[in-house]
Amino acid sequence: MYIFGRNPVKEAYRAGKTIDKLYMLKGEFDVTLNSIRSLAKEARTVISYGDRAMLDKLAGGGNHQGVVAAVTDFSYCTVQDIIDGARAKNEPLLILLLDGITDPHNLGAIIRSAECFGAHGIVIPKHRSVSVNDTVVKVASGATEYMPIAKVTNINDVIRDLKEQNVWVYATDFDGKAPNAVNLSGDIAIVIGSEGEGIHRLTKQLCDDTLTIPQYGEVNSLNASVAAGIVLYEAVRQCPRAK
């Protein structure tokens with residue numbers, strides 16, 4: 001897999017990720033690129049210099065900002081790893097369950113918000129969902145290096161398992177309660193539906209309650225990543241995380 005963009009590549013080095021080879025734009029020098037070059041030399045990464053056409057091809061036409069890194073595919077964790085991470089921090093569990101997000105830009109933005117607000121992990125399904133790819137890594141702007149992500153066969157089974165462990169599971173959909181009117185301070189999981197279909201009927205039925213973000217405009221719809229950010233903010237407002 002190739003990751004590209006200055007911040008994603010820099011964060012990959014900072015997080016200790018192994019970069020097999022670094023491609024940089026020939027003749028391009030500035031403070032940020034120089035710092036990446038220094039990190040690469042410290043990690044003994046082979047650096048290859050090429051023209052813009054070469055980097056454009058490696059990045060699939062994405063905005064690489066003069067740097068592309070060849071890395072191993074994203075390493076997923078287990079749901080239990082996420083739970084154990086929360087317990088190790090002695091914090092109430094805050095986990096996102098994504099019910100069929102197919103847009104890599106949405107997934108990348110959700111990962112970025114989840115990392116920013118101190119969520120302990122994200123769960124995505126193996127089927128009918130986007131995986132962590134180079135576009136997701138780019139949009140997440142380095143957050144994929146710090147956010148545990150589990151890929152599971154069935155989201156509904158995860159919900160059942162979490163409920164057995166006394167985790168309160170909330171769907172985000174219409175006809176629910178405003179997030180600030182609900183106690184979000186304990187162990188919670190938040191289910192975010194897909195861009196088009198929302199949350200599947202059975203998945204919603206398995207949840208303990210539904211959160212609805214109040215809206216006052218003419219277009220009665222929120223992007224999945226925006227909705228995730230709003231609910232995450234309310235959760236950490238009620239139960240702040242240690243910096």
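Which residue in β9 is the bridge partner of L96? The answer is I190, and strand β9 makes a good place to start a tour of this structure. Keep in mind that you're looking at a predicted model. We'll go from β9 out to its sheet, then to the helices that lie across the strands, and finish with two pockets.

**Strand β9, inside and out**

- Six of the six residues of β9 are buried, so this strand is largely enclosed by the rest of the structure.
- You can check that face by face: I188, I190 and I192 are buried on one side, while A189, V191 and G193 are buried on the other.
- In other words, both faces of β9 are covered.

**Who pairs with whom**

- Strand β5, which covers residues 94–99, is joined to β9 by six bridges, and the two run parallel.
- L96 and I190 are the pair from our opening question.
- β8 is also tied to β9, here through four bridges, again running parallel.
- Two spots to find between β8 and β9 are W168, which stands opposite I188, and A171, whose bridge partner is V191.
- A171 has a partner in β10 too, where it stands opposite T210.
- Four bridges join β8 to β10, and these strands run parallel as well.

**The whole sheet**

- Put those pairs together with the remaining strands and you get an open sheet of six strands, in the order β7-β6-β5-β9-β8-β10, with parallel pairing.
- Which strands stand at the edges? They're β7 (149–152) and β10 (209–211), and each has a single partner strand, so one side of each is left without a neighbour in the sheet.
- The sheet has some twist to look for: neighbouring strands are turned by 35° against each other on average, direction ignored.

**Helices lying across the strands**

- Helix α4 (residues 79–88) lies across β5, β6 (121–125) and β7, and runs at about 165° to β6.
- Helix α9 lies across β5, β8, β9 and β10, and runs at about 165° to β9.

**The largest pocket**

- This pocket holds about 430 Å³ of space.
- Its lining is made of 22 residues, and T172, F174, S221, L222 and A227 lie nearest the centre.
- Some familiar names turn up here: β8 (168–177), β9 (188–193) and α9 (224–238) are the elements that give two or more residues to the lining.
- β8 gives the most to the lining of the largest pocket, with three residues.
- Sort the lining by class and you'll count eight nonpolar, 11 polar and three charged residues.

**The second largest pocket**

- The volume of this one is about 320 Å³.
- It's lined by 15 residues, and D99, P125, H127, R128 and H200 are the ones nearest its centre.
- How many residues of each class are in the lining of the second largest pocket? There are two nonpolar, nine polar and four charged residues.

Note on methods: Residues numbered from 1 in each chain as written. Predicted model: local features only at pLDDT ≥ 70, side-chain atom pairs only at ≥ 80, totals over all residues. Heavy atoms only, no water. 1 Å grid on protein atoms, 1.4 Å probe; cavity = no way out; pocket = protein on both sides within 12 Å on 5 of 7 lines; lining within 4 Å. Points joined across faces, edges and corners; volume = space filled by probe spheres on them. Nonpolar A, V, L, I, M, F, W, Y, C, P; charged D, E, K, R; others polar. Buried < 20%, exposed > 50% of the residue type's maximum accessible area, 1.4 Å probe, protein only. Pairing = 2+ DSSP bridges. Axes fitted to C-alpha atoms, helices over the stretch in contact; angles between N-to-C directions. Contact = heavy atoms within 4.5 Å.
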